[in-house]
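Grab a pencil and work through these exercises with the model open beside you. Each task comes with a solution that goes step by step.

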Amino acid sequence: MSFITITEAESNLGADFAPDSDKARLVLLANTWMKNQVGFVPDPVHENLKLASCEIIKGILAKVIYNGQDQALKRKKVKADSVESEKEFQDGSIAISSFEQIALAFIDSVDGLKPKSGFSFNVRR
């Protein structure tokens, strides 16, 4: 079972969202991202989860998801005469694309589902 199929992606994104040779890989990557966030594939799959999968496909195509990860900046300091600028990022923090933010909002809108985090887990009976 998966969150979205090629046919559903074509229905939401248009038949020409990607070359035919790339569609299966894009859908697989989107389903993998979704599974990592939700933890399981519900049956039936809520429409908002399919829309979230489409957002991930759009993010992959825009090269902002699965595009590698920048080295985390710990500190940056620029000093010139009397002007000083400094940046320091939280350890382990990463940037999140607008596509991922939208997908997480879709996931969050589905009753009974919350994106996984390092401090919680889903309990199902």
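Helices (H or I, at least four residues) and strands (E, at least two) are taken here as DSSP runs, numbered from the N terminus. The model is predicted, so local features need pLDDT of at least 70 and side-chain atom pairs count only at pLDDT 80 or more, while totals for chains, interfaces and linings use all residues. Residues are numbered from 1 along each chain as its sequence is written, and side-chain values use heavy atoms, with hydrogens and water left out.

**Exercise 1. Get the overall layout.**
Work out how many helices and strands the protein chain has, and in what pattern they follow each other.

Solution.
- Step 1: count the elements, and you get 4 helices and 2 strands.
- Step 2: read along the sequence, and the pattern is α-α-α-β-β-α.
- Step 3: check the contacts (heavy atoms within 4.5 Å). Taking those between residues at least 6 apart in sequence, 66% join residues at least 24 apart.
- Step 4: look at burial, where buried means under 20% relative accessible area, exposed over 50%, and partly exposed in between (1.4 Å probe, protein chains only). Of the 125 residues in the chain, 29% are buried.

**Exercise 2. Find the core.**
Identify which elements give two or more residues to the largest nonpolar core.

Solution.
- Step 1: pin down the term. A nonpolar core is a set of buried Ala, Val, Leu, Ile, Met, Phe, Trp, Tyr and Cys residues joined through side-chain atoms within 4.5 Å.
- Step 2: pick out the largest one, which has 25 residues; among those with the most contacts inside it are Trp33, Met34, Leu49 and Ile107.
- Step 3: map it onto the elements, and helices H2 (20-38), H3 (47-61) and H4 (98-108) turn up. H2 gives the most, with 7 residues.
- Step 4: zoom in on Leu49. Leaving aside residues up to four places away in sequence, Leu49 touches Phe3, Met34, Pro42, Ile107, Val110 and Leu113.

**Exercise 3. Pick the inner side of H4.**
List the buried residues of H4 and say what they pack against.

Solution.
- Step 1: the buried ones are Glu100, Ala103 and Ile107.
- Step 2: they cover an arc of only 65° around the axis, so they sit on the same side of H4. That arc is the one spanned by the directions from the helix axis to the C-beta atoms.
- Step 3: a helix has 3.6 residues a turn, so residues three or four places apart point the same way.
- Step 4: follow the buried residues of H4 outward, and you land on H2 and H3.

**Exercise 4. Track the salt bridges.**
Which parts of the chain do Glu8 and Lys50 link?

Solution.
- Step 1: set the rule. A salt bridge is a side-chain nitrogen of Lys or Arg within 4 Å of a carboxyl oxygen of Asp or Glu. The structure holds 4 of them.
- Step 2: take Glu8 and Lys50, whose closest N and O atoms are 2.9 Å apart. Glu8 is in helix H1 (residues 6-13) and Lys50 in helix H3, so the pair links distant parts of the chain, 42 residues apart. Glu8 is partly exposed at 24%, whereas Lys50 is buried at 17%.
- Step 3: move to Lys23 and Glu10, which meet at 2.6 Å, N to O. Lys23 lies in H2 and Glu10 in H1, so this pair ties together parts 13 residues apart in sequence. Lys23 is buried, at 3% relative accessibility.
- Step 4: finish with Glu55 and Lys58, with closest N and O atoms 2.8 Å apart. Both lie in H3, 3 residues apart, about one turn of the helix.
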